[in-house]
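Reader: I'd like to go through this model with you and hear what the labels rest on. Can we start at the ligand?

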Amino acid sequence: MDVKPYWQNYIDGAFCDGGAGRVDIINPGTGQRLAEQALADATDVDRAVQAAKRVHRSGWLTDMRPVERGRIVQAIGRYLLDHADDIAPLLTAEQGKPLWEAHKEIAGAARYFEYYGNQAETLEGRSIPLGAGYFDFTHYEPFGISAQIIPWNFPLEMTARSLSTGLATGNACVVKTPELTPITQYIYAHAAEAVGLPAGAVNILCGWGHEAGAALSGHPDVNQIVFTGSVKTGIAIATAAAANVVPCVLELGGKSAAIVHEDADLEAFETDIRNGIYVNAGQVCSAMSRVIVHQSRHDELVERAVSVAKSLSVGPGAERATAGLNMGAMVSEAQRDRAAAMIADAEAQGAQVATGGRKMNIPGAFLEPTVLTNVTPDMTIAQDEVFGPVLSVMPFKDEAEAMRIANGTDYGLVGGVFTRDLDRATRAAQGIRAGQVFVNEWFAGGVETPFGGYGKSGYGREKGREALMNYVQTKNVAIRVR
Ligand code: NAD
């Protein structure tokens, strides 16, 4: 694959260099340098925000009939699909995931534009009776300028999630892309031009979090912020948003647990293990990183988990084009080393490595698919997000204990319960403190289903119709009829 050696930012309809220089983008599947990316500074961020403001003030996005805006949003999704064969190898090269997962991510990104393009014309206000002589109604207006700060794990899908909703509701958008995986984002600049959006409606720029990210989240002309990333950065962003009195959506991390009862179908659960913790090398905020299993099925479940982990062929994503039992690199050697250190620390605290646990002795950022047993709920490994292919298994004696362990972290992104007993499943669905509960299938749901956290996993919702409400403000109009 020939990769362009240098990638620019896209501000006010033009590709440009960055005031903060360049950063090397490393291919984690080979350990080799892939390309360079321009880095924006605060001046670049300001130019992007001013361009977005100009578009917003012009009424270009807000005056048109919503169905027309929806068609533009949908066209971005089709543009992505039309170029999937160009983008997928690049996504694999910068992020590490298997090629088939890269294609899946592009399809998932396109799906956001399809869904929110459809939703554009569904936002309707209501009429409120005020008695004779009055006519009152509400309607929704976009905030204006939406700032969107993106993580590296699903860079195309995460941008799609916020950009599609932002545009569908009539906001001009400034996207701060992740430093590790910025280059495939160029496709959104090309798509914006191809579908006829005016310069400044979509700005795509990469920069350091502490520099460009902070400049964007603290910019006084930004009206709304959507952040997907770590808790620490989320707190910094919420603080910046508060200083400017603007709303923000925080989609943060998780330490999500599946509760597996003694009547669960463990054969089927092997698929949940494969998808829940080893897809994208476990770098998934809603990963099934903990399994809490009834003690009577513990050993069988561990055996099955070990066999799933061992069945995975791990290596460069570019060589893994077909969906199946394989796994690519982690995003960087630093992330891989962090995960490996957490495993070592867990062992020091008494956990046992049932399989995996080591860095692989090949070039690139590879970690063996790992299963840990003898984990207790208070261990660091059971409390902190690894963001890697590491499953912690813990036994429980009764339902109350299972629920206590499941709810025993600061996070609350998703949770799951596996049982044939409907009452038990319903009790768990009610009792699990998380924004989303899966019954008998991890990741059940889709773009249509609202997603977001309880506790330190954040607030606000992305996906589903709920997300639309984070991008608009309600205006009430009360008319005195004389
Ligand atoms: P991160 O918080 O380090 O970075 C995310 C983004 O924030 C990057 O673009 C970064 O440049 C920017 N940033 C960093 N410091 C900043 C600052 N001070 N001000 C403004 N922006 C700043 O997270 P990461 O390591 O890229 O991503 C991994 C984390 O993201 C994990 O914790 C994971 O759980 C979470 N995540 C959550 C979801 C979700 O939907 N809930 C989805 C994907 C990832």
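**Around the ligand**

Author: Sure. A polar backbone atom of A214 sits 3.5 Å from a nitrogen atom of the ligand. Keep in mind that this is a predicted model.

Reader: What makes the approach of E179 to the ligand a polar contact?

Author: The cut-off is N or O atoms within 3.5 Å. A polar side-chain atom of E179 lies 2.9 Å from an oxygen atom of the ligand, so that pair counts as a polar contact. L252 also qualifies, through a polar backbone atom at 2.7 Å from a nitrogen atom of the ligand.

Reader: How much of the ligand's accessible area does the protein cover?

Author: On its own the ligand has 850 Å² of accessible area, and the protein covers 88% of that.

Reader: Which elements give two or more residues to the shell?

Author: Those are α6 (155-168), α8, β10 and α9. Helix α8 gives the most, with four residues. The shell holds 28 residues, and the ones that come nearest are I150, K176, S230, L252 and E385.

Reader: Which residues of α8 are called buried, and what do they pack against?

Author: In α8 (residues 209-217), the buried ones are A212, G213, A215, L216 and S217. The label means under 20% relative accessible area. They pack against α1 (42-58), β7 (145-149), β8 (172-177), β10 (224-228) and α9 (231-243).

**The sheets**

Reader: Why are β1 and β4 called edge strands?

Author: The three-strand sheet is open, has mixed pairing and runs in the order β1-β5-β4. Both β1 (6-7) and β4 (22-27) have a single partner strand, so one side of each is left without a neighbour in the sheet.

Reader: How do you know that β4 and β5 pair?

Author: Pairing takes at least two bridges between the strands. β4 and β5 (residues 32-38) are joined by six and run antiparallel, so they count as paired. In that pair, D24 stands opposite E36 of β5. Helix α4 (residues 84-95) packs on this sheet and touches β1, β4 and β5, with its direction at about 95° to that of β4.

Reader: What is the strand order of the seven-strand sheet?

Author: That one is open too, with mixed pairing, and reads β16-β17-β18-β13-β12-β19-β20. Its edge strands are β16 (352-355) and β20 (436-439), each pairing on one side only. On average, neighbouring strands are turned by 25° against each other, direction ignored.

Reader: What makes β17 and β18 a pair?

Author: The same kind of test: at least two bridges are needed. Three bridges join β17 (residues 370-373) to β18 (residues 390-396), and the two run parallel, so the pair passes. L372 has S392 in β18 as its bridge partner.

**A loop lysine**

Reader: Why is K359 called partly exposed?

Author: Buried is under 20% and exposed is over 50%. K359 has a relative accessible area of 45%, so it falls in between and is partly exposed. You'll find K359 in the loop between β16 and β17.

Reader: What does K359 touch beyond its sequence neighbours?

Author: Leaving out residues up to four places away in sequence, K359 touches R336, D337, A340, F366 and L367. With D337 there is a polar contact, side chain to side chain, at 3.2 Å; that is within the 3.5 Å limit. As for G229, K359 is 130 residues away from it in sequence and 25 Å away in space, C-alpha to C-alpha.

Notes: Residues numbered from 1 in each chain as written. Predicted model: local features only at pLDDT ≥ 70, side-chain atom pairs only at ≥ 80, totals over all residues. Heavy atoms only, no water. Buried < 20%, exposed > 50% of the residue type's maximum accessible area, 1.4 Å probe, protein only. Contact = heavy atoms within 4.5 Å. Axes fitted to C-alpha atoms, helices over the stretch in contact; angles between N-to-C directions. Near = heavy atom within 4 Å. Polar contact = N/O pair within 3.5 Å; in protein donor to acceptor, adjacent residues only side chain to side chain. Areas by Shrake-Rupley, 256 points an atom, 1.4 Å probe, with all protein chains shown as cover.
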